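Work through these exercises with the model open. Try each task before reading its solution.

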Amino acid sequence: MIKRIIELTHGSYVHLHHHQLVIEQDGQCVASAPAEDVGLLLLAHPANVITQQALACCQQYGVAIAVCDEHHLPSALMLPLDGHSLHAEILRQQVAASPAAQAALWQAVIRGKISAQAEVLAKLGRPGEAHLRRLAEHVRPGDPDNLEAQAAAAYWRSLLPEGEHRQPGRHTGVNALLDYGYAILRAAVARAVVAAGLHPAWGIFHHNRQDNFALADDLMEPLRPAVDWLACRHIRDPSQGLSPGDKRALLAMLAAQVQLGDVRLPLWVALGRYIAQAKQAWFGENLTVEIPKWLFLEDTEPCG
């Protein structure tokens with residue numbers, strides 16, 4: 001099932017009526033949706049008001065709620081605490097997972113990321129695809145050679161060759177699109193992580209006391225290049241920030257078709273299967289992890 005994405009860019013009042021999220025503006029109902037059909041609720045205006053009852057219902061149905069800052073970028077994320085009945089036991093398994101299993105999972109993640117970066121360069125007609133594909137083939141368990149960093153350096157040099165540099169926190173041009181897209185993708189992956197009963201703060205290899213979503217950050221790595229591709233295709237004026245059209249294009253990414261094994265699935269569906277496989281591999285139950293592969297289509301927008 002493809003989950004709905006609701007973005008509130010105008011001051012709205014959100015309340016619950018018979019398990020329907022009702023959105024009112026100026027006293028008039030402008031939209032409603034069953035809470036179970038919503039995957040992400042994006043609060044992008046400072047005048048938004050949402051009732052506690054609506055919040056509780058969103059958590060019951062696993063809706064990720066993201067709050068945007070003054071730059072219209074998601075800055076906070078709300079997810080249910082009881083996403084799985086065996087949450088505490090699974091957390092213990094995360095902490096006790098074998099180093100070999102973690103290393104193998106990280107190898108799959110990094111290999112998938114570099115391969116996706118190579119695909120982006122190929123689709124955009126930029127040099128460096130062959131070099132990245134060679135690096136992907138040589139990634140070892142745990143990536144002890146740090147091929148991820150080597151690939152990233154070559155990738156960004158080729159991707160942004162005209163003076164536009166990746167500068168997190170800079171809210172104009174391609175940086176604004178990248179920050180927004182990464183935040184949206186992170187919310188979707190974090191939602192899938194919690195739904196699988198995994199604790200999002202306990203990462204595979206990265207553990208940072210200030211990162212409550214380290215695992216989501218780890219597992220979204222192979223998916224990031226789709227954001228890069230969209231940003232490069234949609235950027236118009238590097239001096240400007242996000243336009244409504246830019247945001248729509250990036251939000252549509254969550255419904256994009258991806259290849260997972262032998263089947264094509266919307267990202268919302270594929271994320272659940274991907275995280276489930278990663279969980280099994282992490283706990284030594286299954287060595288195979290299929291990384292979702294973006295179906296980059298040149299003449300159509302990736303909207304599913």
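Helices (H or I, at least four residues) and strands (E, at least two) are DSSP runs, numbered from the N terminus. The model is predicted: local features need pLDDT of at least 70, side-chain atom pairs count only at pLDDT 80 or more, and totals for chains, interfaces and linings use all residues. Residues are numbered from 1 along each chain as its sequence is written, and side-chain values use heavy atoms, with hydrogens and water left out.

**Exercise 1. Take stock of the protein chain.**

Step 1. Count the elements: the protein chain has 10 helices and 11 strands.
Step 2. Check burial, where buried means under 20% relative accessible area with a 1.4 Å probe, protein chains only. Of the 304 residues, 49% are buried.
Step 3. Look at contacts, meaning heavy atoms within 4.5 Å. Among those between residues at least 6 apart in sequence, 66% join residues at least 24 apart.

**Exercise 2. Decide whether Ser12 is buried or exposed, then find its partners.**

Step 1. Locate Ser12: it sits in the loop between strand S1 (4–8) and strand S2 (13–17).
Step 2. Ser12 counts as buried because its relative accessibility is 3%.
Step 3. Leave out residues up to four places away in sequence; Ser12 then touches Ile23, Glu24, Gln25, Ala47, Asn48 and Val49.
Step 4. Pick out Gln25. Its side chain makes a polar contact of 3.0 Å with that of Ser12. (A polar contact is a pair of N or O atoms within 3.5 Å; within protein, one must be able to donate a hydrogen and the other to accept it, and residues adjacent in sequence count only if both atoms are side-chain atoms.)

**Exercise 3. Find the buried residues of helix H1 and their cover.**

Step 1. H1 spans residues 52–60, and its buried residues are Ala54, Cys57, Cys58 and Gln59.
Step 2. Their cover includes S2, S3 (20–25), S5 (38–43), S6 (49–50), S7 (64–68) and S8.
Step 3. Go just past H1: Gly62 has a positive phi of about 75°.

**Exercise 4. Describe how H3 meets H10.**

Step 1. From H3, take Ala101, Gln102, Leu105 and Val109; they meet Tyr274, Ala278, Ala281 and Trp282 of H10.
Step 2. Sort this contact by class: seven residues are nonpolar, one is polar and none is charged. (Ala, Val, Leu, Ile, Met, Phe, Trp, Tyr, Cys and Pro count as nonpolar, Asp, Glu, Lys and Arg as charged, and the others, Gly among them, as polar.)

Note on methods
Buried < 20%, exposed > 50% of the residue type's maximum accessible area, 1.4 Å probe, protein only.
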